[in-house]
Each structure stands twice: as structure tokens, then as C-alpha cells.
Amino acid sequence: MFSKVILFLAASLCISCSAQDSDLNVTLFYEGLCPYCHDFILNQLYPGYQQLGDSFKLDVVPYGWETYEKQADGTIKYTCQHGDNECYINRIHACVVDQKPVQSDLINFLQCYLSQASAYNIPEELLDMAKDCSGGSISFDEIQVCREGSRADELLLSYSERQSKLNPALPYVPNIRFNGVYDKDLENEATQDFVATICSLLKDNKPNVCDA
């Protein structure tokens with residue numbers, strides 16, 4: 001049993017290191033209840049990762065068309081394209097990303113969460129999903145502390161600032177950029193065949209699936 005635990009930890013460390021060492025960075029701008037975002041994550045990113053592993057490094061920004069307004073009492077009011085539930089989900093996801101989890105845990109969390117979340121859930125259900133989908137390098141307790149405190153606001157405001165500086169500007173979500181560069185043709189290819197797109201962009205250490 002002890003040896004299995006050691007092997008699991010070693011594998012996790014190797015996964016993390018290989019993602020960090022990859023020369024291909026994939027940035028995904030998305031929002032919590034966007035159906036096209038769900039489609040890409042559930043039908044391209046997640047299954048693609050099962051084949052590609054950590055040959056690329058994923059950077060996610062759960063914000064999209066969310067906006068905010070600072071209130072007189074110092075609080076911040078957020079407005080999201082798909083309603084309050086989307087703002088709630090974005091906030092949870094921001095707190096997950098802030099933990100800098102192992103890439104496999106992050107992608108598994110996204111798949112687990114977004115395969116369940118909808119506009120019809122009540123906040124308690126959305127929070128329960130976060131608890132159910134947490135594990136490994138993702139702590140639900142840390143999500144709670146972040147979500148209920150000022151850290152989540154700091155993260156969301158940083159996303160807003162980051163998106164405001166994009167060149168070209170964010171056209172829609174999901175928006176996919178490779179090594180910080182937006183190429184609409186590559187993005188279209190990725191939404192149709194993520195594995196093939198990643199394979200075409202990798203320079204070294206291509207996974208076996210790229211040889212198929």
C-alpha cells in the first residue's frame with residue numbers, strides 16, 4: 001500500500017513538472033454556463049487530455065463577459081451573461097485555479113463540474129458540486145475560504161484587467177490562444193479536433209497519439 005502511495009505521488013509530480021516544461025501554452029477564456037464553452041471542455045479538451053497528457057500547459061480564465069460595479073458600501077456587484085449562477089460558478093472556478101493544482105486535477109475538476117452545472121441549480125447545489133469534484137491538489141476548504149473572502153474578488157478583477165488588455169480583444173467565448181497568440185483558424189481547428197491541433201503545434205516530445 002505504501003509503495004502505491006509513493007508511486008501515485010511521484011506520478012503527480014511528474015505530471016506537474018512535464019506540463020510546466022512544455023513549450024506549448026494553451027490559454028482558454030471561458031465562462032461557467034456558456035454552452036459552447038461546455039461543449040469544448042467536455043468534448044474536446046477533457047478527452048483530448050486523456051490522449052495528450054501534459055504535452056501542453058493549460059491556462060484557464062473563468063470570466064468571459066462578466067462585468068462588475070463597485071458599490072457605495074465597498075462591495076462589488078457582478079453581472080454575468082447567463083445569470084447569477086454563472087457568476088457563482090466563475091467565482092468557484094477562480095478559487096480552484098488560484099490553488100495552482102496539478103494539471104490533471106484541474107482538467108478533471110472542469111469535466112466533473114461542467115458536466116453537472118446548469119442555470120437551474122440553486123447555489124447550494126453548485127457548491128456541493130465543487131465539493132464532489134475536489135480532490136488531490138484541489139482543496140474544497142480552500143475554495144470556501146477564497147470564495148467567501150476578498151481573494152475571489154481580487155482574482156475576478158485581475159481577470160477583467162487581463163481581458164481588457166488582450167490584443168486582439170476577446171471576440172467571444174470560448175476563446176483559445178496558443179502561446180499568447182490568437183489565430184482564428186487554429187482556434188477553429190481546436191474546437192473541432194483538439195488532439196490534431198496540439199500535435200501540429202508541438203515541436204518536441206510529442207505523445208504517441210501524434211504518430212497515429
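Which cysteine forms a disulfide with Cys-112? The partner is Cys-133, and the two sulfur atoms sit 2.1 Å apart. Keep in mind, as you look around, that this is a predicted model.

## The disulfide set

Searching the whole structure turns up 4 disulfides. If you count the bonded cysteines along the chain, their connectivity reads 1-2, 3-6, 4-5, 7-8. Three of these links are described below, followed by two further cysteines, Cys-34 and Cys-37.

## Cys-112 and Cys-133

Let us return to the opening pair. This disulfide joins distant parts of the chain: Cys-112 belongs to helix 4 (residues 103–114), Cys-133 belongs to helix 5 (residues 123–133), and the separation is 21 residues. The link is left-handed because the torsion about its S-S bond is about -75 degrees.

The two ends of this bond fall into separate burial classes. Cys-112 has a relative accessible area of 21%, so it is partly exposed; the cut-off for buried is under 20%. Cys-133 comes out at 10% relative accessibility and therefore counts as buried.

## Cys-80 and Cys-87

Another disulfide is formed by Cys-80 and Cys-87, with 2.2 Å between the sulfur atoms. The torsion about the S-S bond is 120 degrees here, and the link is right-handed. As for solvent, Cys-80 and Cys-87 are both buried.

## Cys-199 and Cys-210

Towards higher residue numbers you will find the disulfide of Cys-199 and Cys-210, whose sulfur atoms are 2.0 Å apart. Distant parts of the chain are linked here too: Cys-199 lies in helix 9 (residues 194–201), while Cys-210 lies in the segment after helix 9, 11 residues away.

For anyone checking torsions, the value about the S-S bond of Cys-199 and Cys-210 is -85 degrees, a left-handed link. Both of these cysteines are buried.

## Cys-34 and Cys-37

Are Cys-34 and Cys-37 buried or exposed? Cys-34 has 3% relative accessibility, so it counts as buried. Cys-37 is buried as well, because its relative accessible area is 1%.

## Putting the picture together

On handedness, the link of Cys-80 and Cys-87 is right-handed, whereas the link of Cys-112 and Cys-133 is left-handed, as is that of Cys-199 and Cys-210. On burial, Cys-112 is partly exposed, while its partner Cys-133 is buried. Buried cysteines also include Cys-80 and Cys-87, along with Cys-199 and Cys-210.

Definitions and conventions: Residues are numbered from 1 along each chain as its sequence is written. This is a predicted model: local features need pLDDT of at least 70, side-chain atom pairs count only at pLDDT 80 or more; totals for chains, interfaces and linings use all residues. Side-chain values use heavy atoms; hydrogens and water are left out. A disulfide is a pair of cysteine sulfur atoms within 2.5 Å. Buried means under 20% relative accessible area, exposed over 50%, partly exposed in between (1.4 Å probe, protein chains only). Helices (H or I, at least four residues) and strands (E, at least two) are DSSP runs, numbered from the N terminus.
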